[in-house]
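I opened this entry to look up two things, the surroundings of a ligand and the setting of one charged side chain. My notes follow in the order in which I checked them.

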Amino acid sequence: MTDSTATKRVLSGIQPSGQLHLGNYAGAIRQFVEMQHTHEMYIFVASYHALTSVRDPQTMRQNTRQVVIDYLAFGLDPAKAHIYLQQDVPQVTELAWLLACVCPKHLMDKATSYKDKVDKGIAASIGLYTYPILQAADILSVDPDFVPVGEDQRQHIEITRDLALKFNHAFGTEDDPVFKLPEAMIRADAGVLPGVDGQKMSASYGNFIDPFMAEKPLRKRIMKIVTDSTPVEEAKTPETCTVFQIFRALAGPDDPRTSELAERYRAGGMGYGDAKQALCELILDHFGDARKRREALMDDPGYVDQVLRDGAEAARVKVDEVTSRARAAAGL
Ligand code: AQP
């Protein structure tokens, strides 16, 4: 990585709508951990967003805390990344309003995640409908260069850029725009990770795999992955199999273990049960250190509190600066 990227700023976040899962890891968290060595990082817990689906305060508190612990367990280092809760930087809700006032309604009408979520049973609230505006405010609030996200979030980053442009057009000048336009950073090899039912792996769809599960329930969970009924002796197609797709996303497409497993699919003579065992071993190996770190973090609440205090303090400085700039530009 060259010096020119060393100071680039990154923002991303995850909703505490349930346990973090392999989809969050493959699409987003792995990038956070890699980028923290070369970028200025703002990584938050999207608690206001989770209110669109979580209705129990105790669950909200527990999930929120758990996301922070899991960020740290996956390898985020608070010495390298500002880790904070969305509710500790409530200025983003003001920014969301400023953006809502320049947001044409049709921009929300065409956001596909609203319909997907309502179809899956999440209440059709105005919060859910305007979720991409709050997300745009989160992103624009720290002037980031890059937003590492999973493939499913591509449209929301486009909406963020649209809203920034509209606000800049209304209240900025070409030489002095109010908001900086960020770029989505989406891993080409990650795609949208499927869950045990073959649909997008998702916290609120009940189809996710939690890499921190105890070994026995983890094995049981992986055995539940839906496969087709090709008999053991017949050749199988790895690319269309959910087990293989998850394996490839974790190990990486160029890893020899991935090509070896693909070979076994194509050769025939391997049942899906064997592929599931291989996936289970991979998960236990890949997350071995993270699982140990998580146990230690669960016993150190004081440390987690300190990480959040420091993170919120740093985030507020930057978010205050951006919010003041937007207010002033709009004549407030
Ligand atoms: N299945 C997935 N494949 C790849 N990336 C994924 N991400 C989520 N699921 C997958 C990425 O994880 C980040 C945080 O997601 P989020 O929880 O804030 O929102 P989401 O995409 O709506 O995730 P869920 O699990 O589906 O949450 P619920 O069920 O509450 O809506 C994002 O970068 C996302 O791309």
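**Ligand contacts**

I began with Lys200, where an N or O atom of the side chain lies 3.0 Å from an oxygen atom of the ligand. I then checked how much of the ligand is covered, and found that the protein takes up 98% of the 640 Å² of accessible area that the ligand has on its own. I keep in mind throughout that this is a predicted model.

Two further side chains went into my list of polar contacts: an N or O atom in the side chain of Asp152 is 2.5 Å from a ligand oxygen atom, and for the side chain of His21 the corresponding distance is 2.7 Å. In total I noted 22 residues surrounding the ligand, and the closest of them are Ser17, Lys117, Asp152, Ser202 and Ser204.

**Lys276**

I next turned to Lys276, which I located in helix α14, spanning residues 272–286. What is the nearest side chain of opposite charge to Lys276? I found that it is Asp228, 9.8 Å away, and that Lys276 is buried yet has no salt bridge; the distance fits that result because a salt bridge would need the charged atoms within 4 Å.

I then looked for polar partners on the backbone, and recorded that the backbone oxygen of Ile225 lies 2.8 Å from a polar atom of the Lys276 side chain, while the backbone oxygen of Met223 lies 2.9 Å from such an atom. Leaving aside neighbours within four places in sequence, I listed Ile222, Met223, Ile225, Thr227 and Val243 as the residues in contact with Lys276.

Note on methods. Residues numbered from 1 in each chain as written. Predicted model: local features only at pLDDT ≥ 70, side-chain atom pairs only at ≥ 80, totals over all residues. Heavy atoms only, no water. Helix = DSSP H or I, 4+ residues; strand = E, 2+ residues; numbered from the N terminus. Buried < 20%, exposed > 50% of the residue type's maximum accessible area, 1.4 Å probe, protein only. Lys, Arg positive; Asp, Glu negative; His and termini not counted. Polar contact = N/O pair within 3.5 Å; in protein donor to acceptor, adjacent residues only side chain to side chain. Contact = heavy atoms within 4.5 Å. Near = heavy atom within 4 Å. Areas by Shrake-Rupley, 256 points an atom, 1.4 Å probe, with all protein chains shown as cover.
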